[in-house]
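Please keep the sequence and the model side by side while reading. The paragraphs below go from one residue and its surroundings to several helices and a hairpin.

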Amino acid sequence: MSKIACLFPVWKGDDPAAFQMAVNSIVDQKLTDDIELTIFFCLDGELDKSQVLTIKQSARFLPTVCVTNKYSRGLANNLNSGIEEVLKRNFDYIARMDADDICLNNRFSVQLKYFQENQDVDVVGSWSSIINSESTVVGVKKVQEITSFDALSLSCDVIHPTVIFKSNFFVRYGFYDGFYEKSQDWELWLRALQKGAVIRNIQQPLLKLRIDSSLIYRRKSEQFYNRKIIFRYFNGWSKYRGISRSWLIELLPSGALKFFVNRAYRK
């Protein structure tokens with residue numbers, strides 16, 4: 001029996017309709033009899049009534065656990081509170097999910113098969129289809145199957161909400177660093193790879209990643225943390241290249257940045 005804990009952070013600012021679709025995509029997973037799935041909702045402060053109702057309805061179909069943070073603590077600390085709760089229980093894997101994305105119904109079964117065929121792997125991610133605010137597929141984000149420290153020197157080439165960890169990953173390599181309000185996943189990948197972790201990406205989309213109008217703002221706002229990460233982990237040309245790229249993204253006019261982002265994600 002393979003036991004999966006799906007780590008599902010949610011806060012009041014998440015769109016209720018998108019959250020409902022995200023939860024449904026977990027409930028509708030096609031799982032074999034030897035897979036047991038539990039949703040761990042990580043509540044980052046007080047939620048909207050409709051979000052609470054969605055969580056209660058999901059419990060009719062799958063086991064659920066609510067990890068409650070009375071006040072908003074940010075994504076990294078919210079995830080850490082969920083991981084701490086999962087590690088108290090006997091789970092084999094910890095999956096990530098976001099409150100506005102949509103899983104394909106074979107996501108977990110495909111990822112577990114990859115783990116079974118590649119025993120040395122610690123984390124498995126995948127490609128993502130890109131959807132807009134109307135949930136229409138508008139492109140695809142592809143990442144390389146083999147993820148190395150050097151490959152991540154320019155950008156975070158692991159799609160955070162697609163990944164599943166072996167449950168001992170966080171014991172071996174540590175939790176998310178709560179300092180990083182943005183880009184906490186990039187810091188985690190670099191730290192783990194530096195210590196010998198093996199991260200792979202399945203070469204097909206297993207998740208629909210929602211890109212909305214706030215993407216450009218988020219890209220600009222995360223650059224402060226990206227520069228902190230670059231100074232911490234890189235030297236020489238990699239550091240110079242990374243810092244230059246970070247400042248370019250932050251200073252580039254929003255219209256120009258939007259053009260390049262849309263071009264990168266187009267079909």
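In this predicted model, a convenient place to begin is Asp-92, which, once its neighbours within four places in sequence are left aside, is in contact with Met-1, Ser-2, Lys-3, Phe-165, Lys-166 and Ser-167. Asp-92 sits in the loop that runs between α3 (75–87) and β4 (93–96). Because its relative accessibility is 30%, and buried would require under 20% while exposed would require over 50%, Asp-92 counts as partly exposed. Ala-18 is 74 residues away from Asp-92 along the chain, and the C-alpha atoms of the two are separated by 28 Å.

The next step is a pair of helices. Helix α1 (residues 16–27) packs with helix α2 (residues 49–58) at an angle of about 10°, and their axes are 10 Å apart. Since angles under 35 degrees count as roughly parallel, α1 and α2 are therefore roughly parallel to each other. On the α1 side the contact is made by Pro-16, Phe-19, Gln-20, Val-23 and Val-27, and on the α2 side by Ser-50, Gln-51, Thr-54, Ile-55, Gln-57 and Ser-58. Sorted by character, the residues of this contact of α1 with α2 comprise five nonpolar, six polar and no charged.

Further along the chain comes helix α4 (residues 107–117), in which Arg-107, Phe-108, Gln-111, Leu-112, Tyr-114 and Phe-115 are buried. When α4 is seen down its axis, these buried residues fall within an arc of 155°, so they line one face of the helix.

The chain then reaches two strands, β6 (residues 123–131) and β7 (residues 137–141), which pair in the antiparallel sense over four bridges. One of the partnerships joins Ile-131 to Val-137 in β7. Together β6 and β7 form a hairpin with five residues between them, and in the turn Ser-135 has a positive phi of about 70°.

How many of the eleven residues of helix α6 (residues 184–194) are buried? Ten of them are, so that this helix is mostly covered. The buried residues of α6 are Gln-184, Asp-185, Trp-186, Glu-187, Leu-188, Trp-189, Leu-190, Arg-191, Ala-192 and Leu-193. After α6 comes Gly-196, whose phi is positive, near 105°.

Technical notes: Residues are numbered from 1 along each chain as its sequence is written. This is a predicted model: local features need pLDDT of at least 70, side-chain atom pairs count only at pLDDT 80 or more; totals for chains, interfaces and linings use all residues. Side-chain values use heavy atoms; hydrogens and water are left out. Buried means under 20% relative accessible area, exposed over 50%, partly exposed in between (1.4 Å probe, protein chains only). The arc is that of the directions from the helix axis to the C-beta atoms. Two strands pair if DSSP finds at least two bridges between them. Axes are lines fitted to C-alpha atoms, for helices over the stretch in contact, and angles run from 0 to 180 degrees between N-to-C directions. Angles under 35 degrees count as roughly parallel, over 145 as roughly antiparallel, 65 to 115 as roughly perpendicular and the rest as oblique. Contact means heavy atoms within 4.5 Å. Ala, Val, Leu, Ile, Met, Phe, Trp, Tyr, Cys and Pro count as nonpolar, Asp, Glu, Lys and Arg as charged, and the others, Gly among them, as polar.
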